Amino acid sequence: VILPTALLSTHTGGFKGFSFLDLTEEMKKIMTHWKTLPLQLDAVLTGYFGNREQLSFVRQYLLEQGNLFRFVDPVMGDC
């Protein structure tokens, strides 16, 4: 499954005037919906987070999921 964090017109590094649509509120709705499904995650790959609030509630969600393989892309850690 994919959890989009933001919609960007370009990469944030090196480009000026880019468009950024924060999807924090939509992320919360998506994750709430996931909790109603018989969804069993085996692993998670994190990428770009648009703000610290996203980090906080994604972290909490992952803690609730138990023991998962977690792959963190440090280059994508712009926040």
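This text walks through one helix, the core it helps to build, and the largest pocket of the structure. The model is predicted.

Start with helix α1, which spans residues 24–34. Four of its residues, T24, M27, M31 and W34, are buried. These four cover an arc of only 70° around the axis, which puts them on the same side of α1. An α-helix has 3.6 residues a turn, so residues three or four places apart point the same way. On the other side of α1, K29 and T32 are exposed. The helix therefore has a buried side and an exposed side, because the buried residues share one arc of only 70°.

What do the buried residues of α1 pack against? Their partners are β2, made of residues 20–22, and α2, made of residues 52–64.

Now look at T24, which has its place in helix α1. Its relative accessibility is 4%, and because buried means under 20%, T24 counts as buried. The side chain of T24 is joined to that of N51 by a polar contact of 2.9 Å. Leaving aside neighbours within four places in sequence, T24 is in contact with T5, N51, E53, Q54 and F57. N51 thus appears both as the polar partner of T24 and in its list of contacts.

Three other buried residues of α1, namely M27, M31 and W34, belong to the largest nonpolar core. This core has 11 residues, and the others are L41, V44, F49, F57, V58, Y61, L62 and L68. Both α1 and α2 supply at least two residues of this core. Which helix gives the most to the core? That is α2, with four residues.

W34 shows how a single core residue is surrounded. Not counting residues up to four places away in sequence, W34 touches V1, I2, L3, L39 and Y61. Of these, Y61 is also a member of the core.

The last feature is the largest pocket, where about 380 Å³ of space lies. Rolling a probe the size of a water molecule over the atoms shows where empty space is left. The largest pocket is lined by 19 residues, and the closest to its centre are V1, L3, V44, L45 and T46. Two of them, V1 and L3, are also touched by W34, and V44 is part of the nonpolar core. To the lining of the pocket, α1, β3 (residues 43–46) and α2 each supply at least two residues. The most comes from β3, with four residues.

Notes: Residues numbered from 1 in each chain as written. Predicted model: local features only at pLDDT ≥ 70, side-chain atom pairs only at ≥ 80, totals over all residues. Heavy atoms only, no water. Buried < 20%, exposed > 50% of the residue type's maximum accessible area, 1.4 Å probe, protein only. Arc of directions from axis to C-beta. Contact = heavy atoms within 4.5 Å. Polar contact = N/O pair within 3.5 Å; in protein donor to acceptor, adjacent residues only side chain to side chain. Core = buried A, V, L, I, M, F, W, Y, C linked by side-chain atoms within 4.5 Å. 1 Å grid on protein atoms, 1.4 Å probe; cavity = no way out; pocket = protein on both sides within 12 Å on 5 of 7 lines; lining within 4 Å. Points joined across faces, edges and corners; volume = space filled by probe spheres on them.
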